[in-house]
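Reader: I have a chain here that I would like to go through with you before I plan anything around it. Could you take me through it piece by piece?

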Amino acid sequence: MSLRDSRRVLTRCAAVAVLSVSLGATLLHAAPAYADLESDLASAQAQLESIGAEYAQLQEDLADAARELEIIKGEIEETETQLQESQKTLAQSAADDYKGGGGQLLDVVLGASSFDDLVSRVYYANKVSDAQAEAIEHVQTLKAELEQSQAQQEQEIAAMEQKVSEVQQNQADAQALVNSLSEEMREQLAAEAAQNEQLAAGMQSAEDGSASTSDSPVVTPPASDTTDDSTPAPTPTPDPDPVPDTGGSSSGTSSVGSAALQYAFTQAGAPYVYGAADPSVGFDCSGIVSWSYAQIGVYMPHSSSAQREYVMNNGRYTTDISQLQYGDLVFYPGHVAFYVGGGQIYGAWNYGRGIGYGSIYDCGTPLGGGNI
């Protein structure tokens, strides 16, 4: 072999060697990249599943807390009503006693600076009949019960605020994670979520966080549940996506309930705010009901238990779910919503879920329903 041929062979070998090394390096680099993709995907899925499990539990906790607050609110409303009636009865009794010759009460009555002061003065002056003494004790008992319920309400609200903060943090974590993923990874996770409840809940947390219209939901009850009469009522608009009534209920329609429901539809997507019944703030479950009825000139108390009692005493009420009519109110322990047919309800749910539709069994087994 000539020197020239030897050089050609060496050159070719060198080229092959360089190509082999280059190809080997490419293959070695590609394998880890594929492994990293799979690893990153598995890590993201695991994190979202963990976030989703927490999110589902927080949503359940918030729903329970909202129901508990509704029950407490009903108890407060009922106790306040009883207290007012008892105070009126006691005041009338003292007035009748004075008019009937009970002049000894004159100094006591005139010297009182408030109703509580009057009760204290009359009671401790020992110038009351047995009936009046019993009435005074009843008033004092009701006041103590009311104060206890209000203190419990404040504790529940504080607990609710903490849960809301945890929900917001969960949503922020889910959003940050999903936003860090490539479009391809999001699509793969979305496909996997169809068969994975925890993963689906994690992705839902990210979606709810993105769709949230309020960074800090208000949970303190407003000073008054009354609606400002100076604010003109909005013009009701038809339900943009009515649910067909498909055999799950009677074919009738509650005329009063249907009219109120049309106003409730105008607040679709409004945030859940405990104790609120104001379009500029938000609504709780009984708040959207009382506000909607107020728009058609119908009084409805602001607590689910009081609304249920009101319907039972003043209208048509049934425990047979198959007899519910479009526009009826559906009642649960601590919850109320409008029935819209097809086994669906519409109303305020809980934090992170605005006013909208849901299954009639999303809140448990209904106690019953009806309308005035």
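Reader: Let me start with a side chain I was looking at: how accessible is Asp 61?

Author: Asp 61 is partly exposed, because its relative accessible area is 22%, and buried would mean under 20%. Please keep in mind that this is a predicted model.

Reader: Which residue does Asp 61 form a salt bridge with?

Author: Its partner is Lys 163, and the closest N and O atoms of the two are 3.3 Å apart. The salt bridge links distant parts of the chain, since Asp 61 belongs to helix 1 (residues 3-99) and Lys 163 to helix 4 (residues 130-179), with their positions 102 residues apart in the numbering. Lys 163 also counts as partly exposed, at 25% relative accessibility.

Reader: And what other salt bridge does Lys 163 form?

Author: Glu 166 forms a salt bridge with Lys 163 as well, with 3.8 Å between the closest N and O atoms. These two are three residues apart in helix 4, so about one helical turn separates them. Glu 166 is partly exposed, with a relative accessible area of 29%.

Reader: How many salt bridges are there in total?

Author: The count comes to seven. Another one of them joins Glu 183 and Arg 186, whose closest N and O atoms are 4.0 Å apart. Both residues lie in helix 5 (residues 183-193), where being three residues apart puts about one helical turn between them. Glu 183 is partly exposed at 49% relative accessible area, and Arg 186 counts as partly exposed at 28%. As for the residues we began with, salt bridges that share partners join Asp 61, Lys 163 and Glu 166 into one network.

Reader: Changing topic to cysteines, how many disulfides are there?

Author: The count of disulfides is zero. Take Cys 285, whose sulfur has its closest cysteine sulfur in Cys 363, at 8.2 Å, which is too far for a bond, because a disulfide needs the two sulfur atoms within 2.5 Å.

Reader: Are those two cysteines buried or exposed?

Author: Cys 285 counts as buried, at 2% relative accessibility, and Cys 363 also counts as buried, at 12%.

Reader: Now the sheet, please: in what order do the six strands come?

Author: The order is 3-8-4-5-6-7 in an open sheet, and the pairing is antiparallel. Strand 3 (316-318) and strand 7 (356-359) stand at the edges with a single partner strand each, so one side of each has no neighbour in the sheet. From one strand to the next the twist averages 35 degrees.

Reader: Which residues are paired with strand 8?

Author: Strand 8 (residues 368-371) pairs with strand 3 in the antiparallel sense over three bridges. Within that pairing, Arg 316 has Asn 371 as its bridge partner, and Tyr 317 stands opposite Gly 370. Strand 8 also pairs with strand 4, again in the antiparallel sense and over three bridges, and there the bridge partner of Phe 331 is Gly 368.

Reader: Which helices lie across those strands?

Author: Helix 7 (residues 255-265) lies across strand 5 (335-341), strand 6 (344-347), strand 7 and strand 8, and runs at about 100 degrees to strand 5. Helix 9 (residues 304-314) lies across strand 3, strand 4 (329-332), strand 5 and strand 8, and its angle to strand 4 is about 125 degrees.

Reader: Are the two faces of strand 8 covered or open?

Author: Both faces are covered, with Gly 368 and Gly 370 buried on one side and Gly 369 and Asn 371 buried on the other. That fits a general pattern, in which side chains of a regular strand alternate between the two faces of the sheet.

Reader: Last one, what does the whole chain come to in helices and strands, and how much of it is buried?

Author: The protein chain has nine helices and eight strands, and 37% of its 372 residues count as buried. Its accessible surface comes to about 19,800 Å², with 52% of that belonging to carbon and sulfur atoms. Among contacts between residues at least 6 apart in sequence, 70% join residues at least 24 apart.

Key: Residues numbered from 1 in each chain as written. Predicted model: local features only at pLDDT ≥ 70, side-chain atom pairs only at ≥ 80, totals over all residues. Heavy atoms only, no water. Pairing = 2+ DSSP bridges. Helix = DSSP H or I, 4+ residues; strand = E, 2+ residues; numbered from the N terminus. Axes fitted to C-alpha atoms, helices over the stretch in contact; angles between N-to-C directions. Contact = heavy atoms within 4.5 Å. Buried < 20%, exposed > 50% of the residue type's maximum accessible area, 1.4 Å probe, protein only. Areas by Shrake-Rupley, 256 points an atom, 1.4 Å probe, with all protein chains shown as cover. Salt bridge = Lys/Arg side-chain N within 4 Å of Asp/Glu carboxyl O.
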